[in-house]
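I opened the model to look up a few positions and then work outward to the whole fold. These are my notes in the order I took them.

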Amino acid sequence: MNVANSQVDILAIAAHRDDVEQTCGGTLLAMHALGLRTGILDLTQGESGTRGSAAERAAEASAAARILNVEHREALDIPDGRVENTYENRLKIVRVLRQLRPRVVILPYWQGRHPDHYTTATLGYEACFLSGLAKLDTGAASHRPFKIVYASLYADVRPSFVVDITPHIETRFQALMAYRSQYANQPSGSALFVPQEEIHERMTASARHYGLLAGVRYAEPFVQKEVGLVNDLMLIPVQSI
């Protein structure tokens, strides 16, 4: 899915097709339900994955995008397994940022097992900065996202906040399972991948954990680096006692 000249309010940037579905798919569904326009930028095409081909993952990503109701999805040509924080790669992201002009960017958390994931956090942040430089000529007007948040589902950190995804938990699961090449039971990668029959249980258990932290049923966690601002103490959600 690649809608020309579309703009979005929220753009999730991830290293691989299916990363967004794992970490913040429910949040994209929740934001769409609020009337916001959402998009996904996958940096690689999945050609080096243990399971599936780039072509298979492209078709699956399009199917998942339809389930998530995103306005825009595309994949860059950064090599899978070799996401590097280079100026060239930053410019590739800048061109997308200037086209889509999101106010909010979601990035993966800056620590993790897979180098592509944590490199994407730094690469994405620096691209957001470059995108705001008026004298950097890419043929499009400069644009710097207002807010950057980090999807921290697989990080052992206390989230800054969580997003209630309770009404969307099953749709989130459907989007993830659109990746049949990755999550259907098969001999290839069986030692690395969770058995298909356990995926739903694990997904809901994790979302339930984060939901309990905020007094809702299911939630997805995020970290922000900035201090939060409150103007009215009477409106702060989540009960203390």
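I began with V238, which lies in the segment after β7 (219-223). The model is predicted, so I am reading computed values throughout. Phi of V238 is near 80 degrees, a positive value in a residue that is not a glycine. Is V238 buried, exposed or partly exposed? Its relative accessible area is 46%, so I put V238 down as partly exposed.

V238 also led me to a pocket. It is one of the residues that lie nearest the centre of the second largest pocket, along with S160, F161, V162 and P237. In total, 13 residues line that pocket. Two elements, β6 (161-164) and α8 (196-214), each give two or more residues to the lining. I noted the volume as about 520 Å³. By class, the lining has nine nonpolar residues, three polar ones and one charged one.

Next I checked another positive phi. D18 is not a glycine either, yet its phi is about 105 degrees. I found D18 in the loop between β1 and α1 (19-23). Its relative accessible area is 5%, which is under the 20% cut-off, so D18 counts as buried.

**Sheet**

I then traced the strands. What is their order in the sheet? I read it as β3-β2-β1-β4-β5-β7-β6, seven strands in an open sheet with mixed pairing. β3 (72-75) and β6 are the edge strands; each has a single partner, so one side of each has no neighbour in the sheet. On average, neighbouring strands are turned by 25 degrees against each other, direction ignored.

I followed some of the pairs one by one.

- β1 (residues 10-14) and β4 (residues 104-108) run parallel and are joined by three bridges. I10 stands opposite V104 in β4.
- β1 and β2 also pair in the parallel sense, over five bridges. Here A14 stands opposite D42 in β2.
- β2 and β3 pair in the parallel sense over four bridges. D42 turns up again, this time opposite A75 in β3.

A general reminder to myself: the strands of a sheet pair through backbone hydrogen bonds, either parallel or antiparallel.

I stayed with β2 (residues 38-42) to see how far it is covered. Five of its five residues are buried. In a regular strand the side chains alternate between the two faces of the sheet. I therefore sorted the residues by side, as the alternation suggests. T38, I40 and D42 are on one side, G39 and L41 are on the other, and all are buried, so both faces of β2 are covered.

**Helices**

How many of the nine residues of helix α2 (residues 25-33) are buried? I noted seven, so α2 is largely enclosed by the rest of the structure. The buried ones are G25, G26, T27, L28, L29, A30 and M31. Just after α2, G35 takes a positive phi of about 95 degrees.

I singled out G26 in α2. Its relative accessible area is 0%, and G26 counts as buried. G26 and T171 are 145 residues apart in sequence, but I read 7.7 Å between their C-alpha atoms.

For a second helix position I took A65, which is found in helix α3 (residues 54-68). A65 is at 0% relative accessibility and counts as buried. I also looked up its distance to E47: the two are 18 residues apart in sequence and 19 Å apart in space, C-alpha to C-alpha.

**Whole chain**

I finished with the totals. The chain has eight helices and seven strands. Of its 241 residues, 47% count as buried. Along the principal axes, the C-alpha atoms fill a box of roughly 55 × 50 × 30 Å. What radius of gyration does the chain have, and what would a compact globule with 241 residues have? The chain has 18 Å, and the globule would be near 18 Å, so the two agree.

Definitions and conventions: Residues are numbered from 1 along each chain as its sequence is written. This is a predicted model: local features need pLDDT of at least 70, side-chain atom pairs count only at pLDDT 80 or more; totals for chains, interfaces and linings use all residues. Side-chain values use heavy atoms; hydrogens and water are left out. On a 1 Å grid over the protein atoms alone, a cavity is a set of points where a 1.4 Å probe fits but cannot get out, and a pocket is an open set with protein on both sides within 12 Å along at least five of seven lines; lining residues have an atom within 4 Å of a point. Grid points are joined across faces, edges and corners, and a volume is the space filled by probe spheres set on the points. Ala, Val, Leu, Ile, Met, Phe, Trp, Tyr, Cys and Pro count as nonpolar, Asp, Glu, Lys and Arg as charged, and the others, Gly among them, as polar. Two strands pair if DSSP finds at least two bridges between them. Axes are lines fitted to C-alpha atoms, for helices over the stretch in contact, and angles run from 0 to 180 degrees between N-to-C directions. The radius of gyration is taken over C-alpha atoms; the globule rule is 2.2 Å times the number of residues to the power 0.38. Buried means under 20% relative accessible area, exposed over 50%, partly exposed in between (1.4 Å probe, protein chains only).
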